Amino acid sequence: MSEKPRIGVFICHCGINIGGVVNVPELTEYAKTLPNVVYAEHNLYTCSEAGLTTIEKAIKEHNLNRVVVASCTPRTHEPLFKAKCRESGLNPYLFEMANIRDQCSWVHMHEPEKATKKAKDLIRMAVAKAALLEPQTEPEVEVKDASLVVGAGIAGITAALSMANQGFKVYLIEKEKELGGLTSKLYKLYPTLADSSEVIDPLIEAVKSHGNIELMTSTDLKDVSGYIGNFTAALTGPDGDKEVNVGTIIVASGASNYTPPKGLYQYGIYDHVVTQRELDEMLKKGKIGEPERIVMIQCVGARKGEIRPFELEAFPKSDTAELLRKILKARKEEGWPYCSRICCMNAIKNAILVKESSPKTDIVVLFGDLRVYKEYEDFYKRARDLEVRFVRHIEEAPPEITRTSEGKLQVMAYDSLSGLEVKFLADWVVLSTPIIPNKDEVLLARMLKVPIGTDGFMMEAHLKLRPVDTNVDGVFIAGTVSGPKDVSESIISGEAAAGRASILMGNRKVKTDAITALADEDLCVGCGLCEEICPYGAPKIENGKSKIREILCRGCGTCAAECPSQAITMRHYKDHQVLAQVKALLMPAGMKEAEVPNG
Amino acid sequence: MVKGTSEEEKGQNKFEPVIVAYCCNWCSYAGADLAGTSRFEYPTNVRIVRVMCTGRIDPTFVLEALRDGADGVIVAGCHPGDCHYQKGNFMMEKRFAHIKKAVETIGFEPERVKLEWISASEGGKFAALIRETTEQIRQLGPNPFRTIQEPK
């Protein structure tokens, strides 16, 4: 049985992201002229509820049996559109995307005409492939009702408790001897000024005594294999090596504090130049006394240096660790380019704590930009009321620190309002430094196949839509492993990651991609090459013929390319489907009305 | 060897090559996305065809693109050791040596085909690759088999 493709094309303006560069109405008119296209329209945001509704309506009204969306990247939005197709009664594999944002309008913003021409090509290619698509059925996999949580800081502990309380088995591993991560090293938390121990200690106790949590300290993750629903993690700890089988993984391995290089603001040279962390420590021990003046400097090692991809051109892989060491060393000198978001509140907190124990101490906070969001505005006002002085200095001319003959520190900076030089004699200079990625974060990310962002932190699958998911199904991120967060934000992300993982484990089953290999018995000569090259052991020669077990197949397609008798095809990526795009690009006149098998 | 460039086209420097880039979903396609998110500009000459893994790329994918008139073909995958499917890119690397030979035998300049490793975090590298390749192919001139008809 066969049917004629009836393709609907939906072109997204993405606000001004696409529409501001390429001519979207022109693309729409162009799409209408393409073979097999029976309907085309453009939307302000195709991914919005309104946009999705128009897809559903068009499928029904125009009897569409193929849908093409020309918008952003399929890596983030394909699932959303596929789900809409499914809801509208269309097999989700009869859907194709053209990426006219990330790979067109965003990279050709100064060449609108050429970008429009390219977008037409991309749409034509997607339409050509869509015409040849076939419906697929997704195999289901069992999800083991156990989770591995890597890192027992506040985020990991929160996630572990949340899943354990829902009845799931949790393996919680921590590389240090003690639990609590960065949180347990803090003194007081902003804005409540509660002891951090009041927050973290009960959680640590709860984790230790929870029947569903198997806690392993001084334990490292050595390797991970498997896939969503069924991961095998190799652990190494004081009791030797161990393997655990889990359905999901939550990475909550935390972050580190930036230590300034020796000599930056005389750090490491003058004793009384310290970091906020060190001031924290002194406050905790009550060692700060009643100094006359403390000067704090913000953004030390943060919002400095160039923003550039965190590029590890590691080739061969054995050099990665060495290259990573070099990158981190360079960053230590140059600073990190992002705002660490917690340092302003942290400085305000410590200023208030000093003022409360020693009201006569004058505190000056030198800042370039002060970022106090949500309720922290009140926290800032509280510091102002306590007469903490906030002085905005010219960032391009960093403060200079010298020591007077009396042994005091002199801080010289340029006031940004007057442009004039200001000088402060201080007993202590306190540097506010950022939270930075752990030195082995990249290595851990590689093991899990989770990408690293430009800031060196693990990257979420989508900043807005999937903030605790990663690009690896079944692997989630929580806490500072994906960027600076304060304690409450870490708890939020821990709960969120646990929620995401629990959905999978609670359902017991998850549908996996139908993009798998298929062997044609008639063409197969039983040479066994597929069996030999498959990393997952999916193909097996039975009675002289290759059989591919689709649940084991991960869909790379290597066997399809290697098979000498062309007996193996890849669902959704068949030769003629891939090549149709190339032909549509290069020989548009040859595009025809197609007839395709109807599954 | 087939000579594909007319001096005229070279002289006017108006030749805009069409380059087909087969990118794996996990690394290089993601790298191209990152170039977008980071707003790294590059020439408009490349058209990406997404496959799940470079391991999927049959030699005919490259050869047919050239036969159909592509001026250049890029195959981009994950760095060795970084393949989402463990070793698809190794298989591609082995295969690519044969592809290159075949391309040369047919009479194309071997520089028209390229195999590159681009990770999901290397948006800058992706943009640089497209800039560099476009310039190289522009120097080589159009594909001698080229029968492309400009779309309206």
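Strands here are DSSP runs of E with at least two residues, and helices are runs of H or I with at least four, both numbered from the N terminus. The views below show a predicted model.

**Figure 1. The loop at A:Asn543 lies between strand 29 and strand 30 of chain A.** Strand 29 covers residues 539-542 and strand 30 residues 545-548, with A:Asn543 in the loop that separates them. The phi angle of A:Asn543 is near 50°, which is positive although the residue is not glycine. Most residues other than glycine have a negative phi. With a relative accessibility of 83%, A:Asn543 counts as exposed, because exposed stands for values over 50%.

**Figure 2. A:Asn36 is another residue of chain A with a positive phi.** Phi is near 75° at this asparagine, a positive value in a residue other than glycine. A:Asn36 sits in the loop that runs between helix 1 (24-32) and strand 3 (37-43) of chain A. Its relative accessibility is 6%, so A:Asn36 counts as buried; the cut-off for that class is under 20%.

**Figure 3. A cis peptide bond links A:Tyr190 to A:Pro191.** Omega of this bond is near -5°. A:Pro191 belongs to the loop between strand 9 (188-189) and strand 10 (194-195) of chain A. Most peptide bonds are trans.

**Figure 4. Three antiparallel strands of chain A form an open sheet.** The strand order is 21-22-23. Strand 21 (400-403) and strand 23 (421-426) of chain A are the edge strands; each has a single partner strand, so one side of each has no neighbour in the sheet. From one strand to the next, the twist averages 25°. Six bridges join strand 22 (residues 409-414) of chain A to strand 23 of chain A in the antiparallel sense. In one of the bridges to strand 23, A:Leu409 has A:Ala426 as its partner.

**Figure 5. An open sheet of four strands with parallel pairing is found in chain B.** Its strands follow the order 2-1-3-4. At the edges stand strand 2 (46-51) and strand 4 (113-117) of chain B, each paired with a single strand, so one side of each is left without a neighbour in the sheet. Neighbouring strands are turned against each other by 20° on average, direction ignored. Strand 3 (residues 72-77) of chain B pairs with strand 4 of chain B in the parallel sense over five bridges. B:Ile74 has B:Lys114 of strand 4 as its bridge partner.

**Figure 6. Helix 2 and helix 5 of chain B are shown with the strands they contact.** Helix 2 (residues 28-37) of chain B packs on the four-stranded sheet of Figure 5 and touches strand 1 (19-24), strand 2 and strand 3 of chain B. The direction of helix 2 makes about 110° with that of strand 1 of chain B. Helix 5 (residues 123-140) of chain B lies across strand 1, strand 2, strand 3 and strand 4 of chain B. Helix 5 runs at about 165° to strand 4 of chain B.

**Figure 7. A disulfide joins B:Cys27 to B:Cys78.** The distance from S to S is 2.3 Å. A search of the whole structure finds one disulfide over all chains. The torsion about the S-S bond of B:Cys27 and B:Cys78 is about 100°, so the disulfide is right-handed. B:Cys27 lies in the loop between strand 1 and helix 2 of chain B, and B:Cys78 in the loop between strand 3 and helix 4 (88-106) of chain B; the pair therefore ties together parts that are 51 residues apart in sequence. B:Cys27 counts as buried at 8% relative accessibility, and B:Cys78 counts as buried at 3%.

**Figure 8. A:Cys530 is in no disulfide.** The nearest cysteine sulfur, that of A:Cys527, is 6.2 Å away, whereas a disulfide requires sulfur atoms within 2.5 Å. A:Cys530 is buried, with a relative accessible area of 9%. In chain B, B:Cys53 also counts as buried, at 2% relative accessibility.

**Figure 9. Chain A and chain B meet at an interface with eight salt bridges.** In this interface, 64 residues of chain A are in contact with 63 residues of chain B. The area buried between the two chains is about 5,600 Å², and carbon and sulfur atoms give 55% of it. A salt bridge connects the side chains of A:Glu78 and B:Arg50, at 3.3 Å from N to O.

Note on methods:
Residues are numbered from 1 along each chain as its sequence is written. Chains are lettered from A and ligands numbered from 1 in the order in which they are written. This is a predicted model: local features need pLDDT of at least 70, side-chain atom pairs count only at pLDDT 80 or more; totals for chains, interfaces and linings use all residues. Side-chain values use heavy atoms; hydrogens and water are left out. Two strands pair if DSSP finds at least two bridges between them. Axes are lines fitted to C-alpha atoms, for helices over the stretch in contact, and angles run from 0 to 180 degrees between N-to-C directions. Contact means heavy atoms within 4.5 Å. Buried means under 20% relative accessible area, exposed over 50%, partly exposed in between (1.4 Å probe, protein chains only). Buried area is the accessible area (1.4 Å probe) that two parts lose on being put together, summed over both. A salt bridge is a side-chain nitrogen of Lys or Arg within 4 Å of a carboxyl oxygen of Asp or Glu.
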